[in-house]
Amino acid sequence: MSLLSVENLEVSYGDFQAVRGASLELEAGQTIAIIGANGAGKSTLLNAIVGLNSQKRGTVRFDGQDITHLRTDRIARAGITMVPEGRRLFGTLTVEDNLMVGLAAERPGPWTIEAIYQLFPRLGELRSMVAGSLSGGQQQMVSIGRALMTNPRVLLCDEISLGLAPKVIGDIYRCFDAITASGVSVVLIEQNVVQACAASGYVYCMLEGRISLEGRPQDLTRAEITAAYFGTEVRT
Amino acid sequence: MTRASISSPKPALVAAAAALSTICLALAPFVVREGDLRLMIEIFAVFTFAQSWNFLAGYVGLMSFGQQLFIGLGAYFVFLISGKAGINPFLLLPLSFVFCAAFAAVCAPFVFRLRDAYFAISIWVIAEVVRMFISQKDWLGSVSGLPLVATRGMDRTVVANTTFYFVAALALISVFGLYALSRSRMGLALAAVRDNEGSAAAVGINVWWTRFFGFVLGSGLAGIAGATYYMSVFHVEPGGAFDPNWMVIMLFIVIIGGVGTIEGPIIGTTIYFLFRAWFAGTGNLYLMLLGAAAVVTMLVAPKGIWGVLRSRLGFELFGTRRLGPTNHRSSP
């Protein structure tokens with residue numbers, strides 16, 4: 001049985017249906033990626049999983065339990081949290097306070113303040129800085145650290161490479177080895193196909209609210225991915 | 001220049017300051033003349049009003065334009081019950097906190113459905129409804145209000161001193177209690193919800209209850225301060241108790257001083273009473289000066305006088321670690 005399974009999820013904003021029946025599976029310890037162009041419905045799908053979007057149909061199961069209509073904070077306490085797109089830090093709080101907020105989930109585990117500072121030594125130096133004053137890469141580290149402080153079983157990451165320099169992206173992705181080694185299962189949302197394929201064991205491609213392609217990165221050809229990503233025909 | 005890192009004194013130092021100011025205020029009635037004591041009661045009451053609104057706007061992220069609702073409700077609660085049942089009104093003061101907090105709790109499920117400006121105005125509307133209701137009921141004294149009959153048999157000095165001690169305690173609570181709260185886990189949760197409710201929920205914070213707690217607490221504080229203030233003037237009438245002008249004074253004090261800080265309303269209250277002492281005789285000009293001062297502050301220093309001082313000095317008196325809001329809903 002999968003740790004997290006999404007069955008036929010449909011999500012709407014008023015009249016607009018952003019996700020039109022998407023299904024995916026995440027096994028314990030696995031890292032999967034959801035790729036797709038802007039507006040494909042990736043973020044909407046992620047927000048719906050953690051309950052930030054209420055207009056939805058279908059089922060989300062976590063560890064065998066139906067969590068489709070659970071409130072966001074309950075889902076976090078159950079063990080699913082996210083690193084939101086655009087980081088969404090508590091801008092007026094210090095780095096350390098941002099991390100401390102993660103204790104609200106009341107989930108003990110390996111991820112403590114010290115463990116976060118070990119993962120991102122730079123944050124230790126910046127601990128008393130106001131989060132809003134940090135650079136984009138540093139803010140992304142705070143956002144990931146804050147999510148890890150809840151000791152999640154599933155970590156949903158929404159475009160963590162967005163707007164960051166290639167070197168910073170590399171630094172951040174390197175830390176995911178330690179994160180997955182601690183037993184966290186990860187869902188990555190990426191527009192960067194190369195990055196997504198390198199970091200994950202299974203890839204879903206979304207197009208116009210549907211899963212247009214899925215498979216292990218090594219089994220997918222570049223042409224297939226391109227077609228599924230942009231919605232063009234495969235030329236053989 | 002804004003410093004990203006702000007230093008602040010150790011909690012032990014703040015605790016010492018709390019003890020020292022408690023001793024000073026405990027001794028005040030023995031050294032201060034009765035007329036000055038009366039002014040101090042008013043200053044501390046107005047300061048607590050301002051701090052209750054500052055708490056809601058700056059710490060909880062709830063912008064209300066109806067804080068006078070709780071001032072009036074608290075006052076009427078004490079005047080009515082003490083008058084009808086003959087209970088010592090000082091015993092009723094703590095209950096006025098409970099009454100106003102409970103009233104806020106009943107309103108919350110309705111007003112929390114509204115956002116931003118609609119929320120702000122909804123509480124003002126409730127204040128007007130309550131004011132008009134009281135104005136039409138003879139058993140509530142209608143438009144001419146209620147006198148404080150329960151203290152008539154008591155010794156004048158005892159009444160004045162006890163009122164002073166109550167209001168001094170409220171002022172201390174609204175400084176040091178707020179300091180303690182904002183450093184607690186609840187304070188961190190409040191700050192997180194204020195800064196970004198989606199992110200707060202995503203790490204396990206119950207956004208609705210956190211905000212509810214803040215709203216109820218801030219409303220109760222305004223209520224008990226209102227009750228204490230009107231006990232010092234021995235008479236309450238609906239036009240004065242539910243006067244939106246209370247709201248204007250609170251806004252002035254908090255905007256001038258700096259929203260979301262403990263120090264700001266201390267500065268704001270000082271400036272407000274200095275303004276009043278200097279210009280109150282000038283009639284309408286006084287109100288225009290108040291308005292002009294608030295406008296200039298908003299244009300020159302949107303974070304208030306303390307906001308400017310803090311970033312210039314890189315120091316704060318009450319280091320809550322949770323700095324005031326710049327924008328309480330960050331854009332995507």
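Which residue is the bridge partner of A:Thr31 in S8(A)? A few friendly notes follow.

1. This is a predicted model, in which local features need pLDDT of at least 70 and side-chain atom pairs count only at pLDDT 80 or more, while totals for chains, interfaces and linings use all residues. Residues are numbered from 1 along each chain as its sequence is written, and chains are lettered from A and ligands numbered from 1 in the order in which they are written.

2. In S8(A), A:Val186 is the bridge partner of A:Thr31. Strands S3 (residues 31-36) and S8 (residues 185-190) of chain A pair in the parallel sense over 5 bridges. Pairing requires at least two bridges found by DSSP; strands (E, at least two residues) and helices (H or I, at least four) are DSSP runs, numbered from the N terminus.

3. In chain A, an open sheet of 6 strands with mixed pairing follows the order S6-S7-S8-S3-S9-S10. Strands S6 (80-83) and S10 (210-215) of chain A each have a single partner strand, so one side of each lacks a neighbour in the sheet. From one strand to the next, the twist averages 20 degrees. Axes are lines fitted to C-alpha atoms, for helices over the stretch in contact, with angles from 0 to 180 degrees between N-to-C directions.

4. Helix H1 (residues 42-49) of chain A lies across S3, S6, S7, S8 and S9 of chain A, at about 150 degrees to S7(A). Helix H10 (residues 222-230) of chain A packs on the sheet, touching S3, S9 and S10 of chain A, and makes about 35 degrees with S9(A). Contact means C-beta atoms, placed from the backbone, within 7 Å.

5. Between the chains, 26 residues of chain B are in contact with 30 residues of chain A. Helices H7 (185-195) and H8 (197-202) of chain B are the elements giving two or more residues to the side of chain B that touches chain A.

Technical notes
Contact = placed C-beta atoms within 7 Å.
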